[in-house]
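Okay, thanks everyone, let me pull this one up on the screen. I'll walk through a helix, then a sheet, then the ligand site.

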Amino acid sequence: MAHSGRVVGLGFLPLRGAPYHHCSGSGAQTIRQVERMKAMSHRRTIRVIQCGLGPIGLMITRLLTERPGVRIAGAVDVDAEKIGRDAGTLAGRRKPLGVTVKGLDDLDALLRQVQPAVAVVATTSSFENAFPLLLRLVTAGVGVVSTCEELAFPWETHPRLAKRLDAAARAKGVAVLGTGVNPGFLMDFLPLALTGVCREVRSIRVERYQDAAFRRLPFQRKIGAGLTPAEFRRKVAEGTLRHVGLTESMRMIAARLGWKLERAQDAIRPVIATRRVATPRLTIEKGRALGVEQTGRAWANGREVITLAFRACVGQPEPRDRVVIEGTPRIDATLAGGVNGDEATCAIVANAIPAIVGARPGLRTMADMDLVCCSAVS
Ligand SMILES: NC(=O)c1ccc[n+]([C@@H]2O[C@H](COP(=O)([O-])OP(=O)(O)OC[C@H]3O[C@@H](n4cnc5c(N)ncnc54)[C@H](OP(=O)(O)O)[C@@H]3O)[C@@H](O)[C@H]2O)c1
């Protein structure tokens, strides 16, 4: 489909966070953790509970039921429609899994009963909102892998809560990780890994351009497709329309490369249709939004050192993920077509489960974890 959009300016999103400071989180493996790992390898199967059964939580549940070495032993949600139902059936399996979804009031009893090694948390993008559940889990000695975007690198945006969670996890000898396709991989871990072959790095630019034409309707709605510019502006002002994670990715890159950021910004604007565009699910009239363009920019030593360009709109030409490193050597790497976000998020969460069991206790990020990779080879 030909692209027919133009971008109109809207201004900047507020960037929370203190200036750069180095994250804590180091420490030797505790005896308790070694014991846990021994117990795990003895038991061989890692017991997991799934917290949050929205579209992503259900896709993860489905994937984990197909993974050897992992067993879904419990599921929790706050939605009354889901509580009491079988998690496997909700996830679209033909046969029930034998795991009944519990409410949050039953979480402590569930943890005592199934003694999971890991909880997968797919409930919210906000670290502040996820915090009570995360703290409850680590305090019970359960490791966590979460899709919460703000957990991907909360050291500078929420330093107090990050330190509290880190301390609680260390005290119990478990690790907590925020990961996903983005943040968690494409706009932070991947460029960091690519700098591994550079003698020096001057700046990093990452592009994630997605064509939303064939994505599910909730995704198209999430990026503002079909809204008038005024409706788009209102949703941005309400905080209900934005990709969460550019700030976390920029902070993660800078912290890992030792760059002291002087300032950073996250600007959002609609991409407006210059003609009528029809998708199988939505028709967008000329003058309405095709989707969103969001750009994260960060400066150090008086120049722009990180640029993260995120674009998700209907009819976006040449969808791709691209990393350009201005350095020696110069790197220009493109994942043609781009990576499917939902699939990749579920996969990285599943792949991180064995890694989190063996990880150094505390609040971990993708920049200080052992390599998360896929061991399910077909
Ligand atoms: N890092 C990444 O790359 C990445 C990629 C994809 C998604 N994500 C994030 O992952 C999260 C999950 O995605 P989604 O599309 O499935 O979100 P969603 O549609 O909002 O579903 C979340 C589910 O969790 C439930 N929930 C909310 N708070 C809870 C709590 N404290 N305990 C247990 N359950 C709770 C929700 O119930 P109610 O609906 O009743 O509130 C809902 O059923 C989102 O925040 C999304 O932004 C991150």
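Look at Gly 173 first: right after helix α6, this glycine takes a positive phi of about 70°. Keep in mind that this is a predicted model.

Now back up into the helix itself. Does the length of α6 come out right, or wrong? Well, α6 covers residues 159-172, so 14 residues, and at 1.5 Å a residue the span should be 20 Å. The C-alpha atoms at the two ends are 20 Å apart, so that agrees.

Which residues of α6 are buried? Those are Ala 162, Leu 165, Asp 166, Ala 169, Arg 170 and Lys 172. They take up an arc of only 165° around the axis, which means they sit on the same side of α6. And what lies over them? The cover for those buried residues includes α5 (127-139), β8 (175-178) and β17 (362-364).

So, on to β8. Ala 175 and Leu 177 point one way from the strand, while Val 176 and Gly 178 point the other way, and all of them are buried. β8 also pairs with β7, residues 143-146, in the parallel sense, over 3 bridges. One pairing to click on: Ser 146 has Gly 178 as its bridge partner in β8.

Zoom out and you get the whole sheet. It's an open one of 7 strands with parallel pairing, and the order reads β5-β4-β3-β6-β7-β8-β17. At the edges you have β5 (101-102) and β17, each pairing on one side only. Further in, β3 (residues 46-51) and β6 (residues 118-121) run parallel and are joined by 4 bridges. If you want a landmark there, Gln 50 has Val 120 as its bridge partner in β6.

Last stop, the ligand, for the docking people. There are 26 residues around the ligand, and the ones that come nearest are Gly 52, Gly 54, Ile 56, Thr 147 and Gly 180. Which elements give two or more residues to that shell? That would be α2 (55-65) and α11 (341-357). The largest share is from α2, with 3 residues.

And the chemistry of the shell? By class, you're looking at 11 nonpolar, 12 polar and 3 charged residues around the ligand.

Okay, that's my tour. Happy to rotate it if anyone wants another look.

Methods
Residues numbered from 1 in each chain as written. Predicted model: local features only at pLDDT ≥ 70, side-chain atom pairs only at ≥ 80, totals over all residues. Expected span 1.5 Å × (residues − 1). Buried ≥ 20, exposed ≤ 12 C-beta atoms within 10 Å, placed from the backbone. Arc of directions from axis to C-beta. Contact = placed C-beta atoms within 7 Å. Near = placed C-beta within 6 Å. Nonpolar A, V, L, I, M, F, W, Y, C, P; charged D, E, K, R; others polar. Pairing = 2+ DSSP bridges.
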